[in-house]
Amino acid sequence: MPLSTLRRLAFPFILLIAAVALLNTVSAIEPVYGRLLLWLPYLTSGIAIALSIIFNRARLFTAALAVLVSYGLIHTQLQISLAEPGTLC
């Protein structure tokens, strides 16, 4: 692999390692920030949609809208609490 490719991959790799290292601290976050983490994908997708409209980028708009809709459906319709009866069956 050329050195320029390795340099480009260094920053995402460092972010990935930091995310894995901080994984255990996410459960210790205060409830206020925990709710913020639940709304963060909606916020970032909304910002991406707004920027795609401003800069007239149809592909970005479509991708951001697909992410927003799929995350919303997964978050609201496909997740079931394990405390409900019949979930484990």
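# Close-up views of a four-helix predicted model

**View 1. N56 sits in the loop between α3 and α4.** Helices here are DSSP runs (H or I, at least four residues), and strands are runs of E with at least two; both are numbered from the N terminus. The model is predicted: local features need pLDDT of at least 70, side-chain atom pairs count only at pLDDT 80 or more, and totals for chains, interfaces and linings use all residues. Residues are numbered from 1 along each chain as its sequence is written, and side-chain values use heavy atoms, with hydrogens and water left out. What is the phi of N56? It is positive, about 55°, although N56 is not a glycine. Most residues other than glycine have a negative phi. N56 counts as exposed because its relative accessible area is 69%. The cut-offs are under 20% for buried, over 50% for exposed and partly exposed in between (1.4 Å probe, protein chains only).

**View 2. Helices α3 and α4 cross at roughly 160°.** Two packed helices are described by the angle between their axes and the distance between the axes. The axes of α3 and α4 come within 8 Å. Each axis is a line fitted to C-alpha atoms over the stretch in contact, and angles run from 0 to 180 degrees between N-to-C directions. α3 and α4 are therefore roughly antiparallel (angle over 145 degrees). Residues of α3 in the contact include L38, Y42 and I49. From α4, F61, L65 and Y71 are among them. Contact means heavy atoms within 4.5 Å.

**View 3. S45 lies in helix α3, residues 31–54.** Is S45 buried or exposed? S45 counts as buried because its relative accessibility is 6%. Which residues touch S45, leaving aside neighbours within four places in sequence? S45 is in contact with A64, V67 and L68. These three partners also belong to the α4 side of the helix contact.

**View 4. The whole protein has four helices and zero strands.** The order from the N terminus is α-α-α-α. Of the 89 residues, 6% count as buried. Average pLDDT, the predictor's confidence in each residue from 0 to 100, is 83. A score of at least 70 is reached by 87% of the residues. Confidence is highest in helix α4 (residues 58–78), at a mean of 91. Helix α2 (residues 23–26) has the lowest, at 74. Where pLDDT is low, the predicted coordinates should not be read in detail.

Conventions: Angles under 35 degrees count as roughly parallel, over 145 as roughly antiparallel, 65 to 115 as roughly perpendicular and the rest as oblique.
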